[in-house]
Each structure stands twice: as C-alpha cells, then as structure tokens.
Amino acid sequence: MKFIKPKNHNAEKVDWLVSERARNIVKNYAEYTEHSENEVVKLFLLNLVEDEDFIAWIEQKRNNRRIVIQLGIENLVGDEKIG
C-alpha cells in the first residue's frame, strides 16, 4: 500500500508574468495529466534540480550551503563541495 503524502501548505502566491502560450501549455498539460495547473508547474520546476550543470554551478558557488538547504539537494551535492 502506498500512503498519501501531504501537500506542501507552505506555498506562497507568486506574481509572475507568463506568456499566453506558456499558460495555455500548462493549462492543457494539466488537463491531459489530470493534475492542477499549480501541480504541473511545481513538478516541472522541481525537475530543474536534475540538471547536472545546474548542480555543478551550485557546487562552484563559494557559500552554497544556504542554496543547497533551500533547494533540498543535500543528497545531490557532495559534503566536500558544500561551503
């Protein structure tokens, strides 16, 4: 049995300007996947931490501990590379 994970209730409303095309893509993808538009955006953005070049860039930052903790990527960054 898989248990239901709680949703993140620490969400804040964000005021971004997004093109009509991008909004339509999210809207239709949400309909296709049967997720809410918020969930589609969240899941897509969380996939950005799988970008190896992005992780390497974070590892190169001088004081990256705050970034690593904020993004929850401690398991992706080696302990020796957290400064």
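Helices, of at least four residues, and strands, of at least two, are taken here as DSSP runs and numbered from the N terminus. On that basis, the protein chain of this predicted model holds 4 helices and 0 strands. Read from the N terminus on, the order of elements is α-α-α-α. The chain has 83 residues, and buried ones make up 13% of them. Among contacts with a separation of 6 or more, 10% join residues that are 24 or more positions apart. With this outline in place, the helices and loops can be visited in turn.

A good place to begin is with the aromatic rings. A search of the whole structure gives 2 aromatic pairs. One of them joins Tyr29 and Tyr32, whose ring centres are 5.6 Å apart and whose planes meet at 55 degrees, a tilted arrangement. Both tyrosines belong to helix α1, which covers residues 20-33, and they sit 3 residues apart, about one turn of the helix. Tyr29 has a relative accessibility of 46% and therefore counts as partly exposed, while Tyr32, at 64%, counts as exposed. The other pair brings together Phe54 and Trp57: their ring centres are 6.2 Å apart and the planes lie at 15 degrees, so this pair is stacked. Phe54 and Trp57 are both part of helix α3 (residues 52-60), again 3 residues apart, or about one turn of the helix. Phe54 is partly exposed at 28% relative accessibility, and Trp57 is partly exposed too, with a relative accessible area of 47%.

Past the end of α1, the chain enters the loop between α1 and α2, where Glu34 is found. The backbone of Glu34 has a phi near 60 degrees, a positive value in a residue other than glycine. With a relative accessible area of 72%, Glu34 is exposed. Farther along the chain, Val41 is a residue of helix α2. Val41 is partly exposed, with a relative accessibility of 33%. Val41 also offers a link back to Tyr29: the two are 12 residues apart along the chain, and 9.9 Å separates their C-alpha atoms.

Helix α3 deserves a second look for the way its residues are arranged. Which residues of α3 are buried? They are Ile55, Ile58 and Glu59. Viewed down the helix axis, these buried residues fall within an arc of 100 degrees, so they line one face of α3. Asp53 and Gln60, on the other side of α3, are exposed. The cover over the buried residues of α3 includes α4.

Between α3 and α4 runs a loop that contains Asn64. Is Asn64 buried or exposed? Its relative accessibility is 0%, so Asn64 counts as buried. Asn64 and Val77 are 13 residues apart in sequence, with a C-alpha to C-alpha distance of 10.0 Å.

The segment after α4 includes Ile73. Ile73 is buried, with a relative accessible area of 1%. Apart from neighbours within four places in sequence, the residues in contact with Ile73 are Val49, Ile55, Ile58 and Val68. Two of these partners, Ile55 and Ile58, have already appeared among the buried residues of α3. Ile73 can also be placed relative to Glu50, which lies 23 residues away along the chain; their C-alpha atoms are separated by 9.7 Å.

Ile73 appears once more in the lining of the second largest pocket, as does Phe54 from the stacked pair. This pocket has a volume of about 170 Å³. Alongside Phe54 and Ile73, the residues that line the pocket are Leu45, Leu46, Leu48, Val49, Gln70, Leu71, Gly72, Asn75 and Leu76. Helices α2 (37-46) and α4 (65-71) each provide at least two residues of this lining. What is the make-up of the lining by class? It has 8 nonpolar and 3 polar residues, and no charged ones.

Conventions: Residues are numbered from 1 along each chain as its sequence is written. This is a predicted model: local features need pLDDT of at least 70, side-chain atom pairs count only at pLDDT 80 or more; totals for chains, interfaces and linings use all residues. Side-chain values use heavy atoms; hydrogens and water are left out. On a 1 Å grid over the protein atoms alone, a cavity is a set of points where a 1.4 Å probe fits but cannot get out, and a pocket is an open set with protein on both sides within 12 Å along at least five of seven lines; lining residues have an atom within 4 Å of a point. Grid points are joined across faces, edges and corners, and a volume is the space filled by probe spheres set on the points. Ala, Val, Leu, Ile, Met, Phe, Trp, Tyr, Cys and Pro count as nonpolar, Asp, Glu, Lys and Arg as charged, and the others, Gly among them, as polar. Rings of Phe, Tyr and Trp (its six-membered ring) pair if their centres lie within 6.5 Å; planes under 30 degrees apart count as stacked, over 60 as edge-to-face and the rest as tilted. Buried means under 20% relative accessible area, exposed over 50%, partly exposed in between (1.4 Å probe, protein chains only). The arc is that of the directions from the helix axis to the C-beta atoms. Contact means heavy atoms within 4.5 Å.
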